[in-house]
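Biologist: I have a model open and some terms I want explained. Can you take me through them, with reasons?

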Amino acid sequence: MVLMMKSGAARIPWWLEEFKRQAPDLKVRVWPDVGDKKDVEFAFVWAPDPGDMATYPNLKAIFSMGAGVDHLFKDPDLPNLPITRVVDINMTRRMTEFIVLQVLRHHRQQPAYDALQRESKWQELKQPAADQRTVGMLGMGALGSDAAKKLSGLGFNVVGWSRTKKKVPKVKSYAGAKQFNKFLSLSEILVCLLPLTKETENLLDKDAFAMLPKGASFVNAGRGEQVVDADLIAALDSGHMSHATLDVFRKEPLPADHPYWSNPKVTVMPHVASYTDPRTVVSQVLENMRRARAGEPLLNTVDIKLGY
Ligand code: NDP
Ligand code: OXD
């Protein structure tokens, strides 16, 4: 049984160490040194080259190395096989840490205080309480629902938007295109944790930003393609929006000449909101290999029709 792995170069030794610890006999081949492709039964990958997944004749399943799977669906020749993704308590905890950190930073006006410090200005700004602030969570799945619960626990009003209605205590649920504008009109701090699909691509454009309350801020940890960059920059420059913290971009790494880098109203983060933790994710991969071989249903499968 051979597992083929493709990952960012820095992480390969971490993955290999964890596979060796948990499954010392498993043969793991690191792309592009995959040997005879007929041996490969499983692929554990981040952003495989388009067409590559179709070249393993005995592949049984594809395991996404991330929670998102858009990197797989970009391949027009993706074979029709079960696809799983990462759903993991460590992934969720790290994401919630990031979202809570950024929401508090916007709520407590840290970017504005940072700007005042640069001008050596000692000035107090009006300070709304958490229950006077509404946080809007785009995406109420594994990640969004946890962050929404924790923010609600801190006293914020939290509203969520998803494809189907949700029942999360103290979080008002909005669903579907019809309720999108109402949801946006309430969201003083808008957080995006949506998967990238045909429906969510370019969702956040000038019309969406115009619906937000004046002075709204934005945290994007979903995908860069969900945002029309020029429309976000225009909404920030006009003063309609106050700040954006962006962790994901259309092109990663963000090109050195991209206007986000130098915009004082934008915080750029290098796609680090969360992280696929080898300790727990290797055991999920091993369990799914066992299930695939035993003909049992896999854990955390992706709905191929919905694209997430
Ligand atoms: P889930 O699949 O668990 O949740 C997705 C949520 O988005 C669901 O609530 C779903 O609605 C909603 N949704 C999907 N399509 C639509 C739509 N067209 N309209 C309204 N709502 C929609 O995903 P996760 O929470 O695990 O992850 C979300 C995304 O976060 C990933 O796809 C990835 O892009 C990003 N991510 C980013 C990381 C980073 O480090 N920046 C790390 C990990 C993930 P419903 O529940 O009704 O189906
Ligand atoms: C992602 C991830 O999907 O890092 O962005 O898991």
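Biologist: Which residues are around ligand 2, and what makes a residue count as near?

Modeller: First, keep in mind that this is a predicted model. A residue is near a molecule if one of its heavy atoms lies within 4 Å of it. The residues around ligand 2 that pass are Trp 46, Gly 66, Ala 67, Gly 68, Met 91, Arg 223, His 271 and Thr 276.

Biologist: How do you know that ligand 2 has a polar contact with the side chain of Arg 223?

Modeller: The cut-off is 3.5 Å between N or O atoms. An oxygen atom of ligand 2 is 2.7 Å from an N or O atom in the side chain of Arg 223. That is within 3.5 Å, so the pair is a polar contact. The backbone takes part too. Polar backbone atoms of Ala 67 and of Gly 68 are each 2.8 Å from an oxygen atom of ligand 2. The protein covers 84% of the 210 Å² of accessible area that ligand 2 has on its own.

Biologist: What makes the shell around ligand 2 divide into 3 nonpolar, 4 polar and 1 charged?

Modeller: The residue types decide. Trp, Ala and Met count as nonpolar, and Arg as charged. The others, Gly among them, count as polar. Sorting the shell this way gives 3 nonpolar, 4 polar and 1 charged.

Biologist: Why is ligand 1 said to lie between domain 1 and domain 2?

Modeller: Domain 1 (2–88 + 276–294) and domain 2 (89–268) both give residues to its shell, so ligand 1 lies between them. In total, 29 residues surround ligand 1. Among the closest are Arg 85 and Asp 247. Helix H3 (89–107), helix H5 (142–153) and strand E7 (157–162) each supply at least two shell residues.

Biologist: What makes the pair of ligand 1 and Asp 247 a polar contact?

Modeller: A nitrogen atom of ligand 1 is 2.8 Å from an N or O atom in the side chain of Asp 247. The limit is 3.5 Å, so the pair qualifies. The protein buries 92% of the 940 Å² that ligand 1 exposes when taken alone.

Biologist: Why is Asn 263 called buried?

Modeller: Buried means under 20% relative accessible area. Asn 263 has 10%, so Asn 263 is buried. Its place is in the loop between strand E11 (241–246) and strand E12 (266–268).

Biologist: How do you know what Asn 263 is in contact with?

Modeller: Contact means heavy atoms within 4.5 Å. Leaving aside neighbours within four places in sequence, Asn 263 is in contact with Ile 233 and Asp 237.

Note on methods:
Residues numbered from 1 in each chain as written. Chains lettered and ligands numbered in written order. Predicted model: local features only at pLDDT ≥ 70, side-chain atom pairs only at ≥ 80, totals over all residues. Heavy atoms only, no water. Polar contact = N/O pair within 3.5 Å; in protein donor to acceptor, adjacent residues only side chain to side chain. Areas by Shrake-Rupley, 256 points an atom, 1.4 Å probe, with all protein chains shown as cover. Helix = DSSP H or I, 4+ residues; strand = E, 2+ residues; numbered from the N terminus. Domains from an automatic or database assignment. Buried < 20%, exposed > 50% of the residue type's maximum accessible area, 1.4 Å probe, protein only.
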